[in-house]
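Hi,

Here is the structure I promised to send over. Have a look at it first, and then read on for what turned up when I went through it.

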Amino acid sequence: MESRKSPLAGRRAILASMHGKERAIGPVFKEILGVDIEVLGDLDTDQFGTFSGEVERPGTMDEALVAKARHGLKISGLDLAVASEGSFGPHPQMPFIPAGLEKLVLIDAKAGLVAIEHSLDMSPCYASWEARSLSDIADRVHAAGFPRQAMIVRPNAGSPARVQKGIQDFEHLEASIAQAALASSDGLALVQTDMRAHFNPRRMKSIESLARKFADRLSRACPSCEAPGWGVKRTERGLPCSWCGAPTEWVLNEVMGCFVCDNERPELRSDGLSEADPAHCPYCNP
Ligand SMILES: [Zn+2]
Ligand SMILES: [Zn+2]
């Protein structure tokens, strides 16, 4: 039903990302947007950076995303492309908590549209351990979801030996750790969760929920220029205090906007809240 209203309905898009991400993005884009996601078998996106560090990601995350999608447009000859990027590390405000930033881009060459949407996963499957042997970390590897969650193993220090990726069985993991520990100058192997989507079930799920959020936004056209992607661009503070009516730090309006033109329209909060708690008022509860 939704897809009939979608400004992108009936179009084909190239997904310029490997690692089985079409399983997370394809069904959602079809259902919400009426867009068919296609993949090219020989599309090598590792040239835009790998998680395991063999290829550095050139430029910013957004630049890498857009470069991937443009590469997809060129190779496929289609006029619609989607690409995905993830970045994992300490949370920017809480450095002891790991966080996963996922981004999706959609480029519509016909409309001159470059739309980017993101989400933050506060509990990604992202961890690493140093170990002499599998028995050192067997419990933790298991708790991280191994063997469905794959592992990467390399020497911890001082050896250019090859990285073992996508490990999903115990014998292989045990042998790789022993081998890497032997090759490392400190006698330790570095074991990490594989962050590629088809080896990281948690990541595949978070890409799917981001695809849903993105498709919902893209299904609405801008009332002025009709480009896909009419949605919340930013928020404005100033919700009135329920006692004295003074503006508070609480969100008053959600400003709807477009990815292409400057058209904006403030709308009242979508949750219907019209007054702020006086505890947050600068006058009633200083
Ligand atoms: Zn007040
Ligand atoms: Zn517009």
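Proline 147 sits in the loop between helix 4 and strand 7, and the peptide bond leading into it from phenylalanine 146 is cis, with omega near 10°. Keep in mind that this is a predicted model. For context, most peptide bonds are trans.

The residue just mentioned, phenylalanine 146, also takes part in an aromatic pair with phenylalanine 170. Their rings meet edge-to-face, 5.0 Å centre to centre and with 85° between the planes. The pair links distant parts of the chain: phenylalanine 146 is in the loop between helix 4 (134–143) and strand 7 (151–155), while phenylalanine 170 belongs to helix 5 (residues 170–183), 24 residues apart. Across the whole structure, the search gives three aromatic pairs.

Another backbone spot to click on is glutamate 226, which has a positive phi, near 70°, without being a glycine. Most residues other than glycine have a negative phi. You will find glutamate 226 in the loop between helix 6 and strand 10 (231–237).

Now the charged side chains. The structure has 16 salt bridges. One of them joins arginine 11 to aspartate 108, at 2.8 Å from N to O. Arginine 11 is in the loop between helix 1 (2–5) and strand 1 (12–15) and aspartate 108 is in strand 4 (residues 98–108), so this pair ties together parts that are 97 residues apart in sequence.

On the domain level, the protein splits into domain 1 (2–124 + 200–218), domain 2 (128–193) and domain 3 (231–280). Where domain 1 touches domain 3, seven residues come from domain 1 and five residues from domain 3.

What holds for the surface between those two? Domain 1 and domain 3 bury about 500 Å² between them, and 63% of that is on carbon and sulfur atoms. There are zero salt bridges across this interface, and one residue pair is in polar contact, both residues at pLDDT 80 or more. On the domain 1 side, the elements giving two or more residues are strand 5 (113–121) and helix 6 (201–218). Strand 5 supplies the largest share, four residues. By type, the domain 1 residues facing domain 3 come out as five nonpolar, one polar and one charged.

That's the lot from me; shout if you'd like to go through it together.

Cheers

Terms used. Residues are numbered from 1 along each chain as its sequence is written. Chains are lettered from A and ligands numbered from 1 in the order in which they are written. Side-chain values use heavy atoms; hydrogens and water are left out. Domain bounds come from an automatic or database domain assignment. Contact means heavy atoms within 4.5 Å. Buried area is the accessible area (1.4 Å probe) that two parts lose on being put together, summed over both. A salt bridge is a side-chain nitrogen of Lys or Arg within 4 Å of a carboxyl oxygen of Asp or Glu. A polar contact is a pair of N or O atoms within 3.5 Å; within protein, one must be able to donate a hydrogen and the other to accept it, and residues adjacent in sequence count only if both atoms are side-chain atoms. Ala, Val, Leu, Ile, Met, Phe, Trp, Tyr, Cys and Pro count as nonpolar, Asp, Glu, Lys and Arg as charged, and the others, Gly among them, as polar. Rings of Phe, Tyr and Trp (its six-membered ring) pair if their centres lie within 6.5 Å; planes under 30 degrees apart count as stacked, over 60 as edge-to-face and the rest as tilted.
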